[in-house]
Amino acid sequence: PPGGGEEKPSTTARFKALLKEYGKVAVGTHISLALLSLGGFYAAVRLGVDVGSALRAVGLDLGRGGEEAGSFAVAYTAHKMLTVPRMGITLAVTPPLAKRLREAGILAPSSAQKHEPSKSDKEEGQDL
């Protein structure tokens, strides 16, 4: 790459690493966002919002037949078109959420955060 810098990992690669590191928290966050996305689009379509026009305004198109499709089909298509941005939100939200859950005692500390006896603890004969 120009400038000798390293290539930034793809969103998918970063998402896979997030799943490995945060497990259930990452899955729960992503599923929650997906349900909010799909439910929000469905509610918008049912309330008469022209989702197709809104998506075209940001450079996305439902494609042929999108306007004639049923409410759920339009909502699902719009939801799927925003998968990558949803992954980005999951990447941003999961670490601070996991930190808060750990601080509240709801989530066990990660293996990296578990305290291993230090050299001074071992010298003093303390068992932790």
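Start by selecting helix α2, residues 24-46: with 3 residues, this helix gives the largest share of a nonpolar patch. Keep in mind as you click around that you're looking at a predicted model.

Now add the patch itself. Pick L19, V27, I31 and L35 and show them as sticks; together these surface residues have about 340 Å² of accessible area. Zoom in on V27, which sits in helix α2. Is V27 buried, exposed or partly exposed? Its relative accessible area is 40%, and since the partly exposed class runs between 20% and 50%, V27 counts as partly exposed.

Next, zoom out to the whole protein chain. You should count 6 helices and 0 strands, so the cartoon reads α-α-α-α-α-α along the sequence. Switch on a surface: about 9100 Å² is exposed, and carbon and sulfur atoms supply 58% of that. Of the 128 residues, 24% count as buried. For contacts with a separation of 6 or more, 61% link residues 24 or more positions apart.

Time for helix α5, residues 83-103. Its 21 residues reach 30 Å from first C-alpha to last, close to the 30 Å expected. Look along the helix for a kink of about 30 degrees at V93, shortly before the proline P95.

Which residues of α5 are buried? Select R86, M87, T90, L91, T94, A98 and R102. Then bring up what these buried residues pack against: α1 (11-22), α2 and α4 (71-81).

Last stop: step past the end of α5 to G105, where phi is positive, near 80 degrees.

Methods
Residues numbered from 1 in each chain as written. Predicted model: local features only at pLDDT ≥ 70, side-chain atom pairs only at ≥ 80, totals over all residues. Heavy atoms only, no water. Patch = residues over 30% accessible without salt bridge, like charges linked within 9 Å, V, L, I, M, F, W, Y side chains within 5 Å. Areas by Shrake-Rupley, 256 points an atom, 1.4 Å probe, with all protein chains shown as cover. Salt bridge = Lys/Arg side-chain N within 4 Å of Asp/Glu carboxyl O. Helix = DSSP H or I, 4+ residues; strand = E, 2+ residues; numbered from the N terminus. Buried < 20%, exposed > 50% of the residue type's maximum accessible area, 1.4 Å probe, protein only. Contact = heavy atoms within 4.5 Å. Expected span 1.5 Å × (residues − 1). Bend = angle between axes of the 7 residues up to and from the residue.
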